[in-house]
Amino acid sequence: MTCTIVVKIGTSSLTQSETGNLALSTLATLVETLTDLRRNGNRVVLVSSGAMGVGRDRLGLTERPRAIALKQAVAAVGQGRLIRVYDDLFTTLKQPIAQVLLTRGDLVQRSGYVNAYNTFQQLLKLGVIPIVNENDTVAVDELRFGDNDTLSALVASLVEADWLFMLTDVESLYSADPRSNPHAKPIHLVTNIQQLQEFQVEVGSSRSSWGTGGMITKIEAARIATSSGVRTVITDGKHPTNLKKILSGDAIGTQFEPQSRPVNSRRHWIANVLVPMGKLYLDPGAIKAIKEGGKSLLAAGIIRVEGEFNPNDSVQLCDNESQEFARGLVNYSSSEMQKIKGCHSEQIPEILGYYGAETVIHRDNLVIL
Ligand SMILES: Nc1ncnc2c1ncn2[C@@H]1O[C@H](COP(=O)(O)OP(=O)(O)O)[C@@H](O)[C@H]1O
Ligand SMILES: N[C@@H](CCC(=O)OP(=O)(O)O)C(=O)O
């Protein structure tokens, strides 16, 4: 059976740890594997990190740049080089590729999201393998994905993938960071993300010298992807041929099973793509009505309002322990919300001086996390 496959490869797998040079044999094997998968009728997307690592190598920098302008300049140097190498390798096999550089800002407008969806569909229909990276050279902090693990999960859900593979420098997720804990045990199957608490998985802060995020962003990516119905695998990037074995049923790496009832595209966009601009703290009655009754949020249930936002912005809904349990699009600005919080809906016209929406967040614009 053919399927849609997104493969994310991290800097740690693309480069040699001792020299920082490109790991050419890994790249060549990856290119051969992806081309084979494509020729067998699958739709394939590659999310490749490496702009910073390759740019650093090209410029002979020995330390990770800290200044934003320098980071953006290094990424600009590296991205061109990286795509050139990919194009040379894929062209040897007569496989067309496309470069797709995205920032979160490109997807936060619903129209931008739909536009990106259409472009990916067209590329995949043409038999092209899109190679995606964050547009590091222009991305500003508030509108960055920040790491390619999150980007790959959002791309996987955007293209309605069946599989997301995150290739890294460890064979799987372990019960603890294997770099610092020699007794860490591999985890083979995660049926839902909450299980990681039961397994008492510790996520160390270590990451490869040019990687971003470490294991924590891979777990968050697995949460996003599985909630959209995408089966997710964390596995070793040094052996890309394992992708075929995993697709044929071998239990290699860590597999995260997709949720049986994935959220639809619009809800996924609200929950994972939009950047929340504020927080609403709710009373227990409102929390219960939303979580158990699937109801809209009314002003009466709001205890506290944080942040500055406008109508249609996304906000986080939190309980009194500051735990976020849902996200939604508001019908009122933060200054209006400060005035109407705790009030009954009938009082709103009198307080604000006009008739606004009856609900603060309509249930169609609310997603339980
Ligand atoms: N529980 C864990 N299981 C496996 N690896 C972990 C864990 N906690 C932390 N890590 C670290 O995460 C690193 C991989 O992340 P990163 O360097 O960002 O890779 P990449 O460049 O592939 O994105 C591993 O080298 C490992 O040291
Ligand atoms: N966009 C950045 C990659 C950021 C990132 O997530 O890196 P990694 O942890 O190596 O996957 C780059 O191309 O260098």
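Ala, Val, Leu, Ile, Met, Phe, Trp, Tyr, Cys and Pro count here as nonpolar, Asp, Glu, Lys and Arg as charged, and the others, Gly among them, as polar.

## The largest pocket

With those classes in hand, the lining of the largest pocket comes out as 16 nonpolar, 12 polar and 9 charged residues. This is a predicted model, where local features need pLDDT of at least 70, side-chain atom pairs count only at pLDDT 80 or more, and totals for chains, interfaces and linings use all residues. Residues are numbered from 1 along each chain as its sequence is written, chains are lettered from A and ligands numbered from 1 in the order in which they are written, and side-chain values use heavy atoms, with hydrogens and water left out.

The pocket's volume is about 1100 Å³, and 37 residues line it. If you want to find its centre, look for Ile193, Gln194, Glu220, Arg223 and Leu369, the lining residues that lie nearest to it. A pocket here is an open set of points on a 1 Å grid over the protein atoms alone, where a 1.4 Å probe fits, with protein on both sides within 12 Å along at least five of seven lines; lining residues have an atom within 4 Å of a point. Grid points are joined across faces, edges and corners, and the volume is the space filled by probe spheres set on the points.

Helix α9 (215–227) gives the most to the lining, with 7 residues. At least two residues each also come from α8 (195–198), α11 (265–273), β12 (324–329) and β13 (366–368). Helices (H or I, at least four residues) and strands (E, at least two) are DSSP runs, numbered from the N terminus.

## The β10 to β13 sheet

β12 and β13 turn up again in an open sheet of 5 strands, ordered β10-β9-β11-β12-β13 with mixed pairing. β10 (302–307) and β13 stand at the edges with a single partner strand each, so one side of each has no neighbour in the sheet. From one strand to the next, the twist averages 25 degrees. Two strands count as paired if DSSP finds at least two bridges between them; β9 (residues 278–282) and β11 (residues 314–318) run parallel and have 4. One of the partnerships is Leu280 with Leu317 in β11.

Two helices lie across this sheet. α11 crosses β11, β12 and β13, at about 115 degrees to β12, while α12 (residues 284–291) lies across β9, β11, β12 and β13, at about 105 degrees to β9. Axes are lines fitted to C-alpha atoms, for helices over the stretch in contact (heavy atoms within 4.5 Å), and angles run from 0 to 180 degrees between N-to-C directions.

## A covered strand: β5

Strand β5 (residues 163–168) has 6 of its 6 residues buried, which means under 20% relative accessible area (over 50% is exposed, in between partly exposed; 1.4 Å probe, protein chains only). Trp163, Phe165 and Leu167 sit on one side, and Leu164, Met166 and Thr168 on the other.

β5 runs parallel to β1 (residues 4–9), joined by 5 bridges, with Ile5 partnering Trp163. It also runs parallel to β7 (residues 231–236), through 6 bridges, and there Leu167 partners Thr235.

## Two helix spots

Ser157 sits in helix α7 (residues 148–158) and is buried, at 12% relative accessible area. Beyond its neighbours within four places in sequence, Ser157 touches Tyr113, Ser228, Val230 and His268.

In helix α3 (residues 51–59), Ala51, Met52, Gly53, Val54, Gly55 and Arg56 are buried. Their cover includes α1 (11–14), α4 (68–92) and β4 (129–134). After α3 comes Gly60, with a positive phi near 70 degrees.
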